[in-house]
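Student: I would like to go through this model term by term. Please set each value against its definition.

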Amino acid sequence: MVARPLLPLAVCGIIWLGAPGAAEAGSFGIREQGARAQGMAFAGVAAGTGGLASIYFNPATLTAFDGNTVSLNASGIFPTSEVRVEAPTPTLPFGSAGDIAEWGVSPAGYAAHQIDDRLWIGAALSVPYAASSSAPKNWAGQVYSRDSEITGFALDAILGWKINDQWSVAIGPSFQYFDVDLERALSPLPGAPSARMTGDDTGVGLVAGVTWQPLTGTEIGVGYRSPVKFGLSGDLETPLARLPVRADMTMPETVSLGVSQAVTPDLTLAATVEWTNWSRLQDTPVLDPYGNPATSIELDYRDGWYYGLGASYRWNDALTLRAGIAYEQSPIDDGNRTTELPDGDRVHLAAGFGYAVNDHLTFDFAYAHIFIGDVDLKIDPGHPSYAGLPFYGEATTSVDTASAAIQYRF
C-alpha cells in the first residue's frame, strides 16, 4: 500500500513532457497547485483548505490525512496579453506585438502515507515556475523580446509529526529544476537576427510548516518554502558564435499564513496572507567561461504579497460549494515592466465545487478570472532593461484558469 500513493506522481511526470508554461502568480510564479484551493482563491490553504494539495503551501497539513491518500491535479491556464506600441517609440512603424501570451497546463501530484498515530511521510510534485510568450519576428519591441520560456519543477519529500491534538509540524527537502530560454533581436531592423540565451540547473531547498488547532473548528497554519540557488549553465547564441555562459540566480522564499474557521457545521470561512521575497531577483550577470560579463538579466523586482478571503459551504453530504476573492501585489510595476512579461497587480475572483462519491473518492473543480487590466510599458533611460532604444506602449492582460482534481484515500 505504500507504493500506491506514488502513482499520481508518475502520471504528472508524463503530463509534463508536453506542458507549456504560463504564469499565473506574480511574475513567473505558479500558484495553481490544487483545484480545491483555487475554488477559494487559495484562502486558508496553509490551514488545510486545499485538501492534500495544501502540503505544497504548508507541509504540516499532511498529518490531517489518515491511511494512504493520493491526489492528482491539473490546471489549464489561459492568459491574454495584448502588447501595443505607442509614440514616441522610434520603431513605431514596425507595429505592435499583439497577444504574446501562450496557454499552458500546470499539473501537480501529491501522496501521503500515515506510518503511525504520530508520523507521516508525503511527497509533492509540482510546477512552481512557468511562463512563456511569443512575439512576432518583426515588431517595434523586438530588441527587448521575441520568444521567451521559463520552466521549473519541484519534488518535495516531507516528514510530518503530529505532536498532539493541537500541534503538527513538518519538514523536508525540495529538489528543483529550473530552465530559461530567452530570445531577442540584435537590432531594430526588419529581419534582424536573434540572440538566444539558454540555461538550466538543479537545486535543493527546504519546505517546512506548522499547524495549530486552538479550538474545535479553528485551524491556523504557517508554511515556508526556502530560497533555492541555481547556477544556470547554457549558451549565448548569435549567428556568428555560440558562447558558453553561466548565471547564478536564487529563486525567492515564500511564507504563507492561513486561517480556517468553521462558523457552522456546514460553513467555513478562511483567509490567507502570503509573502514572496521576489526582491532577491535584481541584476543577474551572465558570465563567459573566463568570468567576464557577456550580458545580464535585469529584473529589479520588489517583494510580492497575496491576500485572500474565501468560504466553503457543504450543500449536502456529497456536494461542497466554494468561492473566494484575492488581491495580489506583483513584483513588477511601471519601473521594471518588460515587453515579455507585462505583469501588474492582480484581483482574483474564484469559484468551485467538490463532489464526494463516497468516503474514499472526491472530485474537485474550480474556475478563476484574474484581472490585471491596462499597464504602461516605458523602457527608457533608468529602466533596468534599457538597451539604448526607447520603447513606449501599453499592455492589456488577464488570465483565466480552470482546474480539476481527484483525491482518493485507500
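Student: Where does Pro-252 lie?

Tutor: Pro-252 sits in the loop between β10 (242–251) and β11 (254–262). Strands here are DSSP runs of E with at least two residues, helices are runs of H or I with at least four, and both are numbered from the N terminus. A word on the source: this is a predicted model, where local features need pLDDT of at least 70, side-chain atom pairs count only at pLDDT 80 or more, and totals for chains, interfaces and linings use all residues. Residues are numbered from 1 along each chain as its sequence is written, and side-chain values use heavy atoms, with hydrogens and water left out.

Student: Why is Pro-252 called buried?

Tutor: Buried means under 20% relative accessible area, exposed means over 50%, and partly exposed is in between (1.4 Å probe, protein chains only). Pro-252 has a relative accessible area of 4%, so it is buried.

Student: Which residues is Pro-252 in contact with, leaving aside neighbours within four places in sequence?

Tutor: Contact means heavy atoms within 4.5 Å. The partners of Pro-252 include Tyr-129, Ser-226, Pro-227 and Trp-278. Tyr-129 and Trp-278 also belong to a cluster linked by ring pairs, along with Phe-28, Phe-178, Phe-230 and Tyr-301.

Student: What makes two rings a pair, and how many aromatic pairs does the structure hold?

Tutor: Rings of Phe, Tyr and Trp (its six-membered ring) pair if their centres lie within 6.5 Å. Planes under 30 degrees apart count as stacked, over 60 as edge-to-face and the rest as tilted. The structure holds 17 such pairs.

Student: Why is the pair of Trp-167 and Trp-212 called stacked?

Tutor: Their ring centres are 5.3 Å apart and their planes stand at 15°, so the pair is stacked. Trp-167 lies in strand β6 (residues 167–185) and Trp-212 in strand β7 (residues 194–212), so the pair ties together parts 45 residues apart in sequence.

Student: Are these two buried, exposed or partly exposed?

Tutor: Trp-167 has 35% relative accessibility, so it counts as partly exposed. Trp-212, at 32%, is partly exposed too.

Student: What is the secondary structure of the whole chain?

Tutor: The protein chain has 2 helices and 19 strands.

Student: How do you know that the chain is as compact as a globular protein of its length?

Tutor: The radius of gyration is taken over C-alpha atoms, and the globule rule is 2.2 Å times the number of residues to the power 0.38. The rule gives 22 Å for 410 residues, and the chain's radius of 22 Å is close to that, so it is as compact as a globular protein of that length. Buried residues make up 53% of the 410.
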